[in-house]
Protein chains: 2
Amino acid sequence: MSNQPSSDVSNPLLQLENQLCFPLYALSRMITKAYQPLLQELDLTYPQYLVFLLLWEHQELTVKELGEKLLLDSGTLTPLLKRLEQKQWISRRRDPRDERSVIIGLLPAGRELQARACQIPEEIFAKLNMPQADFEALRRQLNALLTQLA
Amino acid sequence: MSNQPSSDVSNPLLQLENQLCFPLYALSRMITKAYQPLLQELDLTYPQYLVFLLLWEHQELTVKELGEKLLLDSGTLTPLLKRLEQKQWISRRRDPRDERSVIIGLLPAGRELQARACQIPEEIFAKLNMPQADFEALRRQLNALLTQLA
DNA sequence: CTTAATTTAGTTGCACACAATTAAACATTA
DNA sequence: TAATGTTTAATTGTGTGCAACTAAATTAAG
């Protein structure tokens, strides 16, 4: 006759509250949503922004390399990259030394996006409203878990 | 003349490595992928599993309540719930006291899924291969950040 | 050199996510 | 109570994610 959540077969391990997966899933989406208004001004989606972070740093990467770094496969990347190609922000060409590979490069308009994006990290950090130390600690912890699992 | 990543305009704040968002995004997808083979045996997707976690605990919830708890809107939930209704796992009916609301309830087949799901949390925990204390600490930290931002 | 295996992108199909809009039911207020 | 505003789902359209499959190029084995 207890005043339980209303089920007598309630398994604490099966409660949303006690999952690790859910806050990861929800936080990931919330942070993506925090980026959205900033990225909208650049006409970029969040995964497209991640691709550009890599291209701004490396100039050229194959689809395979992008997939390894972002943990995304060609089923996701190919249509995404084709949309960026249509906007003339990136180039796609076969590697002449290995025709299986497609090399993604920055076009001038894509390179110029960097200047407009460079304030985004600070603006996001301000939105999060977290102490810098907590931010760094969490980032390192999540990165460690990520490389351990990948 | 330094041996930089190959760009002279490289902004550390714009490197994938230094983002908090990326490990969250990638970890979330990796954990979803870890659930996939277990959920496949129940013919469930990961977001559908989250809906059932709530329904097993609360028996009945409106679409609005599900959306508040999962941070999802009706554009995501309505088609997802209709698929579960087609499988005869849940019921969807208007609240007679407020015809705007749709009440989602468990049907017998949906309730019986719980017995088959109850080993999943342990199996996932084993896959993660993390000390229990780390798991709990991370879960609490992410939940705190989530409620702070939401 | 030829066959078999592997690697790499692309394609297809399905299920989210979410912004934007619509429509019905309910609440408020003049 | 009539007009206005709010709440709640549903709908539409776009863009991921990802499993499964295909096809072309390369490599390895015999």
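How far is a phosphate oxygen of DNA strand C from an N or O atom in the side chain of R92(A)? The distance is 2.5 Å. The model is predicted, and the legends below go through it view by view.

**View 1. Chain A by itself.** Chain A holds seven helices and three strands. Read from the N terminus, its elements follow the order α-α-β-α-α-β-β-α-α-α. The C-alpha atoms of chain A occupy a box of roughly 75 × 35 × 25 Å along the principal axes. The radius of gyration of chain A is 20 Å, whereas a compact globule of 150 residues would have one near 15 Å.

**View 2. Chain B meets chain A.** Each partner is named with its share: 60 residues come from chain B and 60 residues from chain A. Together the two chains bury about 5,900 Å². Carbon and sulfur atoms account for 68% of that area. How many salt bridges link chain B and chain A? The count is zero. Polar contacts do occur, in eight residue pairs across the interface, with both residues at pLDDT 80 or more.

**View 3. The side of chain B that touches chain A.** Several elements of chain B give two or more residues here: α1 (21–40), α2, α3 (63–70), α5 (108–117), α6 (120–128) and α7 (132–149). Which of them gives the most? It is α1(B), with twelve residues. By class, this side of chain B has 38 nonpolar residues, 15 polar ones and seven charged ones.

**View 4. The protein surface around DNA strand C.** This surface has 29 residues. Coming nearest to the strand are Y25(A), S74(A), K82(A) and R92(A), along with T45(B). Sugar or phosphate supplies 79% of the strand C atoms within 4 Å of the protein, and bases supply the rest. The surface residues split into 13 charged, nine polar and seven nonpolar.

**View 5. Polar contacts with DNA strand C.** R92(A) places a side-chain N or O atom 2.5 Å from a phosphate oxygen of the strand. Q48(B) also reaches a phosphate oxygen, with a polar side-chain atom at 2.8 Å. R100(A) goes to a base instead: a polar side-chain atom of this residue lies 3.2 Å from a base oxygen. Both chains build the surface near strand C. From chain A, the elements giving two or more residues are α1 (21–40), α3 (63–70), α4 (74–86), β2 (90–95) and β3 (98–106). From chain B, they are α2 (46–58), α4 (74–86) and β3 (98–106).

**View 6. The protein surface around DNA strand D.** Here 28 residues surround the strand. The closest are T45(A) and Q48(A) from one chain, and Y25(B), K82(B) and R92(B) from the other. Of the strand D atoms within 4 Å of the protein, 79% are sugar or phosphate atoms and the rest are base atoms. The surface has twelve charged, nine polar and seven nonpolar residues.

**View 7. Polar contacts with DNA strand D.** A side-chain N or O atom of Q48(A) is 2.6 Å from a phosphate oxygen of the strand. K64(B) brings a polar side-chain atom to 2.8 Å from a phosphate oxygen. V63(B) uses a polar backbone atom, 3.4 Å from a phosphate oxygen. Chain A gives two or more residues to this surface from each of α2 (46–58), α4 and β3. Chain B does so from α1, α3, α4, β2 (90–95) and β3.

Methods
Residues numbered from 1 in each chain as written. Chains lettered and ligands numbered in written order. Predicted model: local features only at pLDDT ≥ 70, side-chain atom pairs only at ≥ 80, totals over all residues. Heavy atoms only, no water. Near = heavy atom within 4 Å. Polar contact = N/O pair within 3.5 Å; in protein donor to acceptor, adjacent residues only side chain to side chain. Helix = DSSP H or I, 4+ residues; strand = E, 2+ residues; numbered from the N terminus. Nonpolar A, V, L, I, M, F, W, Y, C, P; charged D, E, K, R; others polar. Contact = heavy atoms within 4.5 Å. Buried area = accessible area lost by both parts, 1.4 Å probe. Salt bridge = Lys/Arg side-chain N within 4 Å of Asp/Glu carboxyl O. Rg over C-alpha atoms; globule rule 2.2 N^0.38 Å.
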